[in-house]
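Me: I would like to go through this structure and ask what stands behind the words used for it. Please set each value against its definition.

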Amino acid sequence: MTAHAPETPTETDPELACPIAPVVDIVFSRWTTPILWTLHTQGRQRFVELERRIARITPKVLTQRLRQLERDGLVIRTYHPEVPPRVEYEISELGLSLRPLFAHLAEWATDNLPEVEQAREGYDAR
């Protein structure tokens, strides 16, 4: 019988095994990326404008994601005490620091998504 070495934390904790896992959780959830992209490309937006620009997102999910992004420091919420009240959202400096990452991902998508699509078609044809 051979002794089995105890597992290291890197083997059992996915966040330690992959140091970018927390970033992926924060930035790349289903609706977070479109919200950040929209605020980055379109600038400050009201809730209704975001809802209109991001197809198929429900108001409930948009509210939840915006709150989480505000909590994470990636989005700034500004309340204007007018009648009727007005709330605007904009990407923060921390959120803007993701710009190079988004630029690289957009470039990767342009360069590689056709190849991914070919691979999928080949796989599905088997």
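Me: What does the side chain of Ser92 reach?

Reply: The side chain of Ser92 reaches the backbone nitrogen of Gly95, at 3.0 Å. A polar contact is a pair of N or O atoms within 3.5 Å; within protein, one must be able to donate a hydrogen and the other to accept it, and residues adjacent in sequence count only if both atoms are side-chain atoms. The distance of 3.0 Å is within the 3.5 Å limit. As for the source, this is a predicted model, in which local features need pLDDT of at least 70 and side-chain atom pairs count only at pLDDT 80 or more, while totals for chains, interfaces and linings use all residues. Residues are numbered from 1 along each chain as its sequence is written, and side-chain values use heavy atoms, with hydrogens and water left out.

Me: Why is Ser92 called buried?

Reply: Buried means under 20% relative accessible area, exposed means over 50%, and partly exposed is in between (1.4 Å probe, protein chains only). Ser92 has 7%, so Ser92 is buried. Its place is the loop between β3 and α7 (93-96). Over the whole protein chain of 126 residues, 21% count as buried.

Me: Which class do Ile57 and Arg56 fall into?

Reply: Ile57 has a relative accessible area of 8% and is therefore buried. Arg56 has 70% and is therefore exposed. Ile57 lies in the loop between α5 (47-53) and α6 (59-71), and Arg56 is also placed in the loop between α5 and α6. Arg56 has a positive phi of about 75° although it is not a glycine.

Me: How many helices and strands does the protein chain have?

Reply: There are 8 helices and 3 strands. Both are DSSP runs, numbered from the N terminus: helices are H or I with at least four residues, strands are E with at least two. β1 covers residues 45-46, which meets the minimum of two for a strand.

Me: What makes β2 and β3 a pair?

Reply: Two strands pair if DSSP finds at least two bridges between them. Strand β2 (residues 75-80) and strand β3 (residues 86-91) are joined by 6 bridges and run antiparallel, so they satisfy the definition. One bridge sets Ile76 against Glu90 in β3. The two strands form a hairpin, with 5 residues between them. Pro84 is found in that loop between β2 and β3, and the peptide bond from Val83 to Pro84 is cis, with omega near -5°.

Me: How many bridges join β1 and β3?

Reply: β1 and β3 have 2 bridges, in the antiparallel sense, so they just meet the requirement of at least two. Arg46 stands opposite Glu88 in β3.

Me: What is the order of the strands, and why do β1 and β2 count as edges?

Reply: The open sheet of 3 strands has the order β1-β3-β2, with antiparallel pairing. β1 and β2 each have a single partner strand, so one side of each is left without a neighbour in the sheet.

Me: How do you know that Glu88 and Arg44 form a salt bridge?

Reply: A salt bridge is a side-chain nitrogen of Lys or Arg within 4 Å of a carboxyl oxygen of Asp or Glu. For Glu88 and Arg44 the closest N and O atoms are 3.9 Å apart, so the pair qualifies. The pair links distant parts of the chain, with Glu88 in strand β3 and Arg44 in the loop between α4 and β1, 44 residues apart. Glu88 is buried, at 14%, whereas Arg44 is partly exposed, at 47%.

Me: Which other salt bridges belong with these residues?

Reply: Arg44, Glu82, Arg86, Glu88 and Glu90 are linked in a network of salt bridges. Glu90 and Arg44 have their closest N and O atoms 3.3 Å apart, and Arg86 and Glu82 meet at 2.9 Å, N to O. Glu90 is partly exposed, at 22%, and Glu82 is partly exposed, at 37%. The whole structure has 4 salt bridges.

Me: Which residues of α4 are buried, and why are they said to be on the same side?

Reply: In helix α4 (residues 32-42), Thr32, Ile35, Leu36, Thr38 and Leu39 are buried. They cover an arc of only 160° around the axis, which puts them on the same side of α4. The arc is that of the directions from the helix axis to the C-beta atoms. Just after α4, Gly43 takes a positive phi of about 80°.
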